Amino acid sequence: MIFRLQNVGMHYGASEVLRNVTLSFDRGELVAIIGPNGAGKSTLLGIMAGLRTHFTGECRLEEKPLAKWPRRAFAQSVSVVPQLQPVEFPFSAEQVVLMGRMPFSDGMFESAADEAAVAHAMEITDTLQFRTRDFRTLSGGERQRVILASALAQSPKALLLDEPTTFLDLQHQVSLYRLLRNLCRDGLLALSVTHDLNLAAAYADRIIILHNGAVVADGRPDEVIHNASIRAVFSTDVEIQQGPSGRPWIHYGR
Amino acid sequence: MAVKKVTARRVWITSLLSLCAMLVAIAILPLIGSAHIDYGRAIAGQSPDAEILFGVRLPRVLLAMLTGGALAAAGVLFQALLRETLATPYTLGVSSGASLGAVIAICLGGSQVWVASLLGAGLTLLLVMAVASESRRMSSFTLLMAGITLNSICMALILFLQSFASFGQSFAIVRWLMGGIDAVPYTTLAWLAAAVLPSVLYLFWKSREWNLLAVGEDWAATRGVSTSTLILSGYLIGSFLTGTVTALTGPIGFVGLIVPHGLRLTIGADHRLLIPASFFLGATFLAICDTIARTILAPAEIPVGVITAILGGPFFIWMLRSRSKLH
């Protein structure tokens with residue numbers, strides 16, 4: 001197991017945002033975490049990213065508690081794609097991606113290996129053409145792909161993505177999940193918080209539903225996505241059919 | 001507009017060009033003034049050229065350079081630390097503390113105003129840190145809130161003291177608050193250089209980490225940077241630079257804003273380029289402003305803060321306009 005969470009809970013002031021979350025994740029898995037707004041999805045991702053430290057229970061990466069990981073060593077294994085990353089200063093897209101090599105660099109300048117990792121990450125995310133562009137002048141979707149490239153340049157074992165398709169057009173939404181699927185075949189653990197149930201159902205190996213801070217379902221898409229679970233969690237009636245690949249397909253109706 | 005790639009060669013060339021600009025300024029600026037002097041006569045020790053050059057103008061140019069360089073480097077640092085292009089070395093309250101110390105010394109009739117100013121800067125630094133550390137971890141936000149609050153308190157206390165000061169004291173207070181460069185002994189310059197140069201070198205050494213912090217704290221943390229430690233060290237070094245030079249010259253506005261921002265527009269946001277270029281060109285800029293301040297209405301002198309503000313004001317408005325166009 002690469003990640004193991006045992007009875008993880010978290011409060012923001014008096015409100016409990018996560019309770020008794022027990023999960024484990026292995027390499028090669030593409031996992032989607034779904035749930036309504038405020039279910040605790042981003043908080044869970046924040047804990048696993050080492051950004052939220054005041055939680056109860058235990059979260060381990062490769063059997064070692066997160067608190068015992070030196071920051072730099074942790075960043076060599078786990079990278080994060082945030083939902084939104086504003087940049088105030090005129091960094092180029094390539095400079096933003098190069099920042100992903102920081103956990104591997106010691107000197108003042110990037111090595112040839114860093115440059116190669118960055119070129120590869122930009123190529124597979126279709127961002128090479130933005131290389132010299134000021135990051136701030138890119139569209140939302142282009143920025144999101146550059147951020148993904150930066151996270152991939154970290155050569156992570158686990159990639160945590162918070163609503164990665166929010167700003168992407170249809171082509172790049174599909175390319176993102178195809179890319180994740182391919183990377184997972186090579187051993188990456190990809191954990192994606194998403195509101196797009198159809199993309200999750202189409203590409204994820206496993207879907208976790210969070211509701212009111214607790215895990216209410218965890219399994220293969222066809223085990224988890226059904227009328228009762230969607231109605232219970234999202235308070236919405238949908239029509240669920242089986243797609244050609246045998247995976248569930250959600251019709252929202254009118 | 002394309003942003004150029006940052007390579008070791010580019011960093012060296014940019015730094016060397018900026019250093020050359022500073023060296024040219026060191027060579028030329030001491031020659032400018034109401035009394036004509038000749039380098040040959042001054043170096044030969046002939047009077048009065050030697051006294052004017054080595055006793056008055058050169059130490060003044062060197063003080064302006066150390067001050068301008070320190071303020072510009074601190075400006076770059078605080079802008080990265082707070083992720084705000086409008087941040088200045090004075091945003092986090094240290095200079096207000098230095099000013100309060102100086103004002104107390106002036107009101108008490110003390111002669112060592114700079115010592116009181118340095119003490120004021122140090123005390124404010126400790127207070128801001130104590131307030132900012134109240135939360136679980138030191139973040140840019142808690143630092144900014146603590147700094148702005150202490151800034152307001154110090155400014156209020158300065159106004160309170162000034163309202164009870166005599167006419168002469170009040171004039172001295174206003175004059176100090178305008179900022180000004182004077183000739184100082186070479187021993188003072190040596191101490192200042194010993195404080196400023198290693199601090200700027202430290203900032204340069206941490207350039208890549210400031211790059212990450214300038215994007216975001218979580219961004220830096222997920223790329224292996226210990227953000228709390230980095231923010232704390234940045235605040236301490238930036239405040240040390242600001243407090244030290246402010247104690248000697250008073251607050252001199254706009255240097256820490258104009259130089260970093262102008263450079264960011266021309267050479268980009270990478271701190272490996274920005275920190276050395278800001279230091280050398282900030283030094284050059286303030287030395288030029290001070291030369292204007294002491295010659296334009298000679299034999300009368302204008303406080304250098306007035307010149308930097310007159311040049312800085314229009315630049316500030318232009319910056320705000322270009323910023324709003326971009327967003």
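Me: Before I look at helix packing here, what puts two residues in contact?
Reply: Two residues are in contact if their C-beta atoms, placed from the backbone, lie within 7 Å. This is a predicted model, where local features need pLDDT of at least 70, side-chain atom pairs count only at pLDDT 80 or more, and totals for chains, interfaces and linings use all residues. Residues are numbered from 1 along each chain as its sequence is written, and chains are lettered from A and ligands numbered from 1 in the order in which they are written.

Me: OK, which residues of α3(B) meet α8(B)?
Reply: On the α3(B) side they are Pro59(B), Leu62(B), Leu63(B), Leu66(B), Gly69(B), Ala70(B), Ala73(B) and Leu77(B). Their partners in α8(B) are Tyr186(B), Leu189(B), Leu192(B), Ala193(B), Val196(B), Val200(B) and Leu203(B).

Me: And how many of those are nonpolar, polar or charged?
Reply: The contact has 14 nonpolar residues, one polar and no charged. Ala, Val, Leu, Ile, Met, Phe, Trp, Tyr, Cys and Pro count as nonpolar, Asp, Glu, Lys and Arg as charged, and the others, Gly among them, as polar.

Me: At what angle do the axes cross?
Reply: Roughly 25°, with the axes of α3 (residues 49–82) and α8 (residues 186–205) of chain B coming within 10 Å. That makes the two helices roughly parallel (angles under 35 degrees).

Me: Switching topic, how many helices and strands are in chain B?
Reply: Chain B has 14 helices and zero strands, counted as DSSP runs (H or I, at least four residues, for helices; E, at least two, for strands).

Me: What share of chain B is buried?
Reply: Buried residues are 51% of the 327, where buried takes 20 or more other C-beta atoms within 10 Å of the residue's own.

Conventions
Axes are lines fitted to C-alpha atoms, for helices over the stretch in contact, and angles run from 0 to 180 degrees between N-to-C directions. Angles under 35 degrees count as roughly parallel, over 145 as roughly antiparallel, 65 to 115 as roughly perpendicular and the rest as oblique. A residue is buried if 20 or more other C-beta atoms lie within 10 Å of its own, exposed if 12 or fewer, and partly exposed in between; C-beta atoms are placed from the backbone.
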